[in-house]
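I opened this notebook to record what I looked up in the structure. The entries follow the order in which I worked.

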Amino acid sequence: MYVVSRQDELGMLRIVLEEQYERHSTQLALLARQARQAHSDEGDLAAASALTAASRRALGDIARALHYLKQGRYGTCERCHCDIPIEQLAIRPAARFCTTCQPEAPHLSGS
């Protein structure tokens, strides 16, 4: 029987976080290139601006999670200091709070 430890699961989530970081970095670079090349209408510019802002927020959340991994604090709720369930981290690897302590504002959730 093979038992998976929390450390093993967190190691797998590190890979997910690194892949997400790379994907968002690539998306941000593509958006920047498109913005330089295109002279779009206001609707396109607003959409590109919203996508750029979302990618920057995601990169910040992921960078914070990777930093916490290096410090050994990843997967710990910032409010109650309990472990965030692996199932929750699997859904949102950059989560900063457990479901009990999750703030209402989505920009604080680490999504």
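I took contact to mean heavy atoms within 4.5 Å. With that cut-off, and leaving out residues up to four places away in sequence, I listed the partners of C77: C82, I84, R96, F97, C98 and C101.

**Entry: confidence.** I noted that the model is predicted. The mean pLDDT of the protein chain is 85, and I found 86% of its residues at 70 or more. I then compared the helices: α3 has the highest confidence, with a mean of 92, whereas α2 has the lowest, with a mean of 88.

**Entry: overall make-up.** I counted three helices and zero strands in the protein chain. Along the sequence I read the pattern α-α-α. I recorded α1 as 6-37, α2 as 42-71 and α3 as 86-91. Of the 111 residues in the chain, 31% are buried. For the accessible surface I obtained about 7,400 Å², and carbon and sulfur atoms account for 56% of that area. I also looked up contacts between residues at least 6 apart in sequence, and 52% of these join residues at least 24 apart.

**Entry: helix α1.** Does the end-to-end distance of α1 agree or disagree with its number of residues? At 1.5 Å a residue, I expected its 32 residues to span 46 Å. The end C-alpha atoms are 46 Å apart, so the two values agree.

I next listed the buried residues of α1: L10, L13, L17, Q20, H24, L28 and L31. I set beside this list the rule that an α-helix has 3.6 residues a turn, so residues three or four places apart point the same way.

I examined H24 of α1 further. Its relative accessible area is 17%, and it counts as buried because the cut-off is under 20%. Beyond its neighbours within four places in sequence, I found H24 in contact with S55, A58, L59 and I62.

I15 is also found in α1. At 43% relative accessibility, I entered I15 as partly exposed. I looked up its distance to L66, which lies 51 residues away in sequence; the two C-alpha atoms are 9.9 Å apart.

**Entry: the nonpolar core.** Which residues of the largest nonpolar core touch the most other members? Among its 18 residues, I found these to be L10, L13, L17, Y74, C77 and L89. I then looked up which elements give two or more residues to this core, and they are α1, α2 and α3. The most come from α2, which gives five residues. L10, L13 and L17 had already appeared in my list of buried residues in α1.

**Entry: cysteines.** How many disulfides does a search of the whole structure find? I found zero. C80 is in no disulfide; its nearest cysteine sulfur is that of C77, 3.7 Å away. A disulfide requires sulfur atoms within 2.5 Å, so this pair does not qualify. C80 has 30% relative accessibility, and I therefore entered it as partly exposed.

C101 is likewise in no disulfide. The nearest cysteine sulfur to that of C101 belongs to C98, at 3.7 Å. I entered C101 as buried, with a relative accessible area of 10%. Both C98 and C101 stand in the contact list of C77 with which I began.

Definitions and conventions. Residues are numbered from 1 along each chain as its sequence is written. This is a predicted model: local features need pLDDT of at least 70, side-chain atom pairs count only at pLDDT 80 or more; totals for chains, interfaces and linings use all residues. Side-chain values use heavy atoms; hydrogens and water are left out. A nonpolar core is a set of buried Ala, Val, Leu, Ile, Met, Phe, Trp, Tyr and Cys residues joined through side-chain atoms within 4.5 Å. Buried means under 20% relative accessible area, exposed over 50%, partly exposed in between (1.4 Å probe, protein chains only). Helices (H or I, at least four residues) and strands (E, at least two) are DSSP runs, numbered from the N terminus. The expected span of a helix is 1.5 Å times one less than its number of residues. pLDDT is the predictor's confidence in each residue, from 0 to 100. Accessible areas come from the Shrake-Rupley method with a 1.4 Å probe; for residues, only the protein chains shown count as cover.
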